[in-house]
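Q: Please take a close look at a single part of this model. Then set that part against what can be said about the rest.

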Amino acid sequence: MRYAMAVDTKKCVGCSDCVVACQTENNVPIGFCRDWITETVDGSYPNVEIELRSERCNHCENAPCVRCCPTGASHIVDGGVVLVTHDECIGCGACIQSCPYDARYSHPDGYVDKCTFCMHRVEKGQLPACVAVCPTKCLYFGDLDDPNSDVSNALRNRKYKVLADEAGTNPQIYYLI
Amino acid sequence: MIHLYCLLINKAICILNLHQNYISRYLDMTNRRDFIKISALGLGGAAIATSGYNIGSKLMAAPGDGEKVKGTNLKRYPTYCEVCFWKCAGWTYVDEDNNIVKVIGNDDDPHCNGRLCPRGTGGPGMYNDEDRLKTPLIRVKNENGPDTFREASWDEALDYTAKRLKEVAAEHGPECVALFNHGSGGKYFGTLLKAFGSNNIAAPSFAQCRGPRETAWIATYGEAVGSPEPTDIRDTQCLVLIGSHIGENMHNGQVQEMSDAIDKGATIITVDPRFSTAASKSKYWLPIKPATDLALLLSWINVLIEEELYNKEYVAQHTYGFEMLKEHVKNMTPEWAYGKTTIKPDLIRKTAREMAKAAPAVIVHPGRHVTWYGDDTQRIRAVAILNALLGSWGARGGFYMKETAHLPHETTPPFPTPKRTWRDAYPGQFKLASLALSSGICDATIPSSNRSCSFKAWIVYGTNLPLTLPNMDNTLNAISHLDFMVAIDTMPMEVTGYADVVLPECTYLERYDLIRTSPHREPYIALRMPAVEPKYDSKPGWWIAKQLAEKMGLGDYFPYDDITELLDWQLKEVGSSLEEMQKIGVKKLERTSGPLYFSKGENIEFNTPSGKIELYSNELAGEGFDPMPVFTKHPEPPQGFYRLIYGRAPMHTFSRTANNANLIDLKKENNVWVNPKVAKLWDLKTGQYVWLKNQDGVVSTYPIKVRITERIRWDSVYMVHGFGHSKKELTRAYGRGANDTEMITKVMMDPIMGGTGMRGNFITFLTEKPEEVES
């Protein structure tokens, strides 16, 4: 099993619903976030292009945050999901420094926090909160090992890219372009 | 050039301490109605006494048991959203300590299909806002200083309001009382006002927003577009947006369907001087010169007719005036339009052919906020005519025939017939306005020798008029002439600071309201019920209006003790019940008005004078207006000035969300979009704060951040509406960003229906802190 997400940049309107849904679902304190929107503008008027991306932890196969964690709080579970055990985290911030995606933040309670792919929902057969709420349905989540999953279907027929491929992290968030 | 613009909210480096020293120039206005800071409580303040008007245990006690959510410690209650007016149905989730933890869309609701937009998802921020209005307030006049508010009990505040309204009526007649409203509770106050003897009930959503569209559609098709728009976007093959920025304008169902249309490979054509999000999703973006849209629309009509691409059968069967239209547009070629719009003739032809190829599964979107240049009814007439030529009205993938659920009304005494209406203030004018003009009532509040009377009292429900109506000075001048104003709101807004009485309403998550019946493909009903008790000493709108009615001797118009009695009765009449709706939230009723689309050859009677779709309008001609749209050239910005274009951000609704902690976490202030060429001239840098000054010398109270971007033309600037609050009690919104409404001092009035065209204002930059805004 290999959980992954695809983000259709052709449909995302950058509304940030994924951000606020994550905050209310996961009780993320105001002022912090586990996912965010990036807008890239290319070209000059009137030959302009925009790419809008909903970004989050890439749940890397080769995760630098896990490698550098001194306590083992950052770890990888079944399905390849990278998690942080809050009780074991000492808040040293090494993982924040090592992440090429800037996907982690220091929670005011003293530990490091990030996207969990909403495993508490996925275990119950629900989609992650960001995927479930997205008005444009531009987020696809599922098991890459299952050829019929939403994410497998989304990747099958479209061109896609990953972010910071050169970092060698083997990220599992795919951007449909 | 690559330009990164991130909404990395946890990475914000600093929040500038925004100009705490500035006091809005309106704060020290020396008229008889000082602006009151609600924090200045205490002078003569009474202890809060809530005696007398507790509503009884039925509503204010437990909001009901709610439905336990399996595997969690949560309960859920049905609601429909009030953060904007698309009114998506959802579920409010409450934990065991009665905290609202989240609001999630109702899967059965066609407005949202289980997916709320960011504003709806951020709804708990409205409930949790500690800056909310907490108790009734009454203005205290002070001889030796500025006015203040004192806290009052509901009993006292309502008694006082009823007494003052009756005094105004006794002296000037009840017709001199007007209601401004926006939102679900407006209906209760509308009933109150009609019972009182006035029908001057206005919402800024007409004259400041959709009015020209509805007037144009009525003139052409005999019916208004309405909300939600009956655009069949999910099945369209071609969607044409004229300045509509769907995706930034987050009207949920439309955004969802546009995304579905993208999946299905529909062609999107966007006309906008700004590279909007929708433009970025489009096959064709037409970067039009602002204020010339009508020329483009007429040239599209020309191409469809000259190249015989129009739907001949549909036009022959359903329309009136085709030959006159053909003659009218014969010289309005793409070459003619090119010189006006800067859109190349081949692109105009190509896009017209794309529409024709997709027809009738094509939508030339009627837009929503269309009060731009004062000839807006005529511009939307051109949109309506274009759709008729394409045969899209009544076609799958075009416009469907909507249906609204009808609930029976409670029995009340007949309303008295008012002796005068707002129309008497404008003899011979705006006859085609189908609804009251909020700007018209505001203007007619300022005494004039041309009128025998003016408005003397306002009831303001849920609309922050100084940040809504154009020309803020004019609005405040009107307010200064009132004998009495009562404001009902959940938040301390600019408008509440000018009121004599402020009545705190609880938020939509804490109250019942009338059943939602807005139209859709099928008639649906939706229930809003409280998930928690009202915070502080706030009350539901229906209760406030009913209490006022009773104190004014008009209690018979509210024939129930508790609104749940009315809801249950209405629901039972259509085969449901309150109990059922509390469990399901949304219910589909049976469609009874016939098919969703016209069938081929079907004889349709349109509600127009000719019974046909009117390409040529005798009604408009009869009123002295152009029977077919004519392009008019509008003023252009003078040297060193730029046209002010404003719009929306997906996470905000006007000025009403600017203090919502969840939503300002996503966007805390607006910025002014400036083309790089312009930025170079002014030596501007992204992130730099500037003040704006308009053509009339008005300088923005607060500065605004520059965003240099290739997404905007060099003759225009763009900003999101709703920021730049001057109300200190809005602790998160105060002084953040600039207020576009303050810059809109020139109004281009639509002579047909009184819409206030607001896109004819030009601004320039002040890079240094201007002297005149310091106090």
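A: A residue is called buried if 20 or more other C-beta atoms, placed from the backbone, lie within 10 Å of its own, exposed if 12 or fewer do, and partly exposed in between. The model is a predicted one, in which local features need pLDDT of at least 70 and side-chain atom pairs count only at pLDDT 80 or more, while totals for chains, interfaces and linings use all residues. Residues are numbered from 1 along each chain as its sequence is written, and chains are lettered from A, as ligands are numbered from 1, in the order of writing.

The part chosen here is helix 4 of chain B, residues 154-172, where helices (H or I, at least four residues) and strands (E, at least two) are DSSP runs numbered from the N terminus. Its 19 residues should span 27 Å at 1.5 Å a residue (the rise being multiplied by one less than the number of residues), and its end C-alpha atoms do lie 27 Å apart, in agreement with that expectation. Five residues of this helix are buried, namely W154(B), A157(B), L158(B), T161(B) and L165(B). They cover an arc of only 95° around the axis (taken from the directions from the axis to the C-beta atoms), which means that they sit on the same side of helix 4 of chain B. On the other side of helix 4 of chain B, A170(B) and E171(B) are exposed.

The buried residues of helix 4 of chain B pack against strand 6 (137-140), strand 8 (177-181), strand 15 (457-461), strand 16 (484-489) and strand 17 (501-504) of chain B, and also against helix 17 (541-551) of that chain. Just after helix 4 of chain B, G173(B) takes a positive phi of about 95°.

Elsewhere in chain B, positive phi also appears in a residue other than glycine, with A291(B) near 75°. A291(B) lies in the loop between strand 12 (284-286) and helix 9 of chain B, and A291(B) counts as buried because 24 other C-beta atoms lie within 10 Å. Helix 9 (293-306) of chain B also borders the loop that leads to helix 10 (312-318), and E308(B) has its place in that loop. E308(B) has 8 C-beta neighbours inside 10 Å and therefore counts as exposed. Although E308(B) and C81(B) belong to one chain, 227 residues apart along it, their C-alpha atoms are separated by 46 Å. A further loop of chain B, between helix 13 (345-358) and strand 14 (362-364), holds P360(B), which a cis peptide bond joins to A359(B) with omega at about 5°.

The domain assignment of chain B (bounds from an automatic or database assignment) gives domain 1, made of 9-23 + 632-773, and domain 2, made of 210-402. Their C-alpha centres lie 29 Å apart, and 24 residues of domain 1 of chain B are in contact (C-beta atoms, placed from the backbone, within 7 Å) with 21 residues of domain 2 of chain B. On the domain 1 side of that boundary, strand 21 (642-647), strand 25 (716-720), strand 26 (748-749) and strand 27 (756-757) of chain B each supply at least two residues, and strand 21 of chain B gives the most, with three residues.

Chain A has its own secondary structure, which comes to six helices and ten strands. The C-alpha atoms of chain A fill a box of roughly 50 × 40 × 35 Å along the principal axes, and 46% of its 177 residues count as buried. Among the contacts in chain A with a separation of 6 or more, 54% come from residues 24 or more positions apart.

The contact of the two chains takes 39 residues from chain A and 43 residues from chain B. On the chain A side, helix 1 (17-26), strand 2 (35-44) and strand 3 (47-56) each supply at least two residues, and strand 2 of chain A gives the most, with nine residues. The loop between strand 2 and strand 3 of chain A contains P46(A), and a cis peptide bond with omega of about 0° joins Y45(A) to P46(A). In another loop of chain A, between strand 9 (160-161) and strand 10 (173-176), lies A164(A), whose phi is near 50°, a positive value in a residue other than glycine. A164(A) counts as partly exposed because 13 C-beta neighbours lie inside 10 Å.
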